[in-house]
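Here is a short report on how the strands of this model pair and where one surface patch lies. Look at the structure first, then read on.

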Amino acid sequence: AKLVGTKFNLYYNGDLFNELVVDETSTIFLDNLPYGNYKLVESQSGEGYKQNINEYYFTIDENNQYYCLENGVIFSKDKTKLIRCLENALFSEYTIPHEVTMIGEYAFRGCSNIQELKLSPSLTTIQTLAFAGCSQLKEIIIPATLNWVQYGAFDGCEKLDTVYYGGSLSEWMDITIASYNNDLIYATKIY
């Protein structure tokens, strides 16, 4: 909470690109950035804190050895982990590639356009708050390979009404589903 209200200027290839403000979760998401060179500079400190005068530089490179960007979605280079879907992605339906075994924390946070998701047939883990705030999500296809849904992964998905599950009822009951996933738990299941 101590960083709330801190402001940063983001420069792209030397020009002011955007002003960013730290939200109540002490997070800044840098979504949908084009490839290029960036500089991040604190322009206003949080209340009661001294302004940081350091400049931070980073590059988004098409040939990045750790991550790749495909259709507005960031993956690990080997595509086994889906890291982030850009919030302004316009698709209402999305199929997660078959290589993905894990969906990362906050991966689809705030992606309010998504209504239908088909999860990877290799998926084993959905991390904390992965789909939190996907307020238009109505339908999801979940593979029998899933064994862990972490805290709040489906929190704020109040329109989720149908879950198509690739396994049996007994297999569904074996999935570890952490707290704050009521929208998933109470949706209609089709086995």
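Strands 14 and 16 run parallel and are joined by 3 bridges. This is seen in a predicted model. Tyrosine 164 belongs to strand 14, which covers residues 162-165. Its bridge partner in strand 16 is isoleucine 190.

Both strands belong to an open sheet of 5 strands with parallel pairing, in the order 8-10-12-14-16. Strand 8 (93-95) and strand 16 (188-190) stand at the edges; each has a single partner strand, so one side of each is left without a neighbour in the sheet. From one strand to the next, the twist averages 15 degrees.

Is tyrosine 164 buried, partly exposed or exposed? Its relative accessibility is 31%, so tyrosine 164 counts as partly exposed. The cut-offs explain this: buried means under 20%, exposed means over 50%, and partly exposed lies in between. Tyr164 also helps make a nonpolar surface patch of about 230 Å², together with Ile141 and Ile190.

Strands can pair in either of two senses, parallel or antiparallel, through backbone hydrogen bonds. The antiparallel sense appears in the pairings of strand 3 (residues 36-44) with strand 1 and with strand 4.

| Strand pair | Sense | Bridges |
|---|---|---|
| Strand 1 (residues 7-12) and strand 3 (residues 36-44) | antiparallel | 6 bridges |
| Strand 3 and strand 4 (residues 55-60) | antiparallel | 6 bridges |
| Strand 14 and strand 16 | parallel | 3 bridges |

Individual residues show these pairings too. Tyrosine 11 stands opposite lysine 39 in strand 3. Valine 41 stands opposite glutamate 55 in strand 4.

Note on methods: Residues are numbered from 1 along each chain as its sequence is written. This is a predicted model: local features need pLDDT of at least 70, side-chain atom pairs count only at pLDDT 80 or more; totals for chains, interfaces and linings use all residues. Side-chain values use heavy atoms; hydrogens and water are left out. Patches are made of residues with over 30% relative accessible area and no salt bridge: like charges are joined within 9 Å, nonpolar side chains (Val, Leu, Ile, Met, Phe, Trp, Tyr) within 5 Å. Accessible areas come from the Shrake-Rupley method with a 1.4 Å probe; for residues, only the protein chains shown count as cover. A salt bridge is a side-chain nitrogen of Lys or Arg within 4 Å of a carboxyl oxygen of Asp or Glu. Helices (H or I, at least four residues) and strands (E, at least two) are DSSP runs, numbered from the N terminus. Buried means under 20% relative accessible area, exposed over 50%, partly exposed in between (1.4 Å probe, protein chains only). Two strands pair if DSSP finds at least two bridges between them. Axes are lines fitted to C-alpha atoms, for helices over the stretch in contact, and angles run from 0 to 180 degrees between N-to-C directions.
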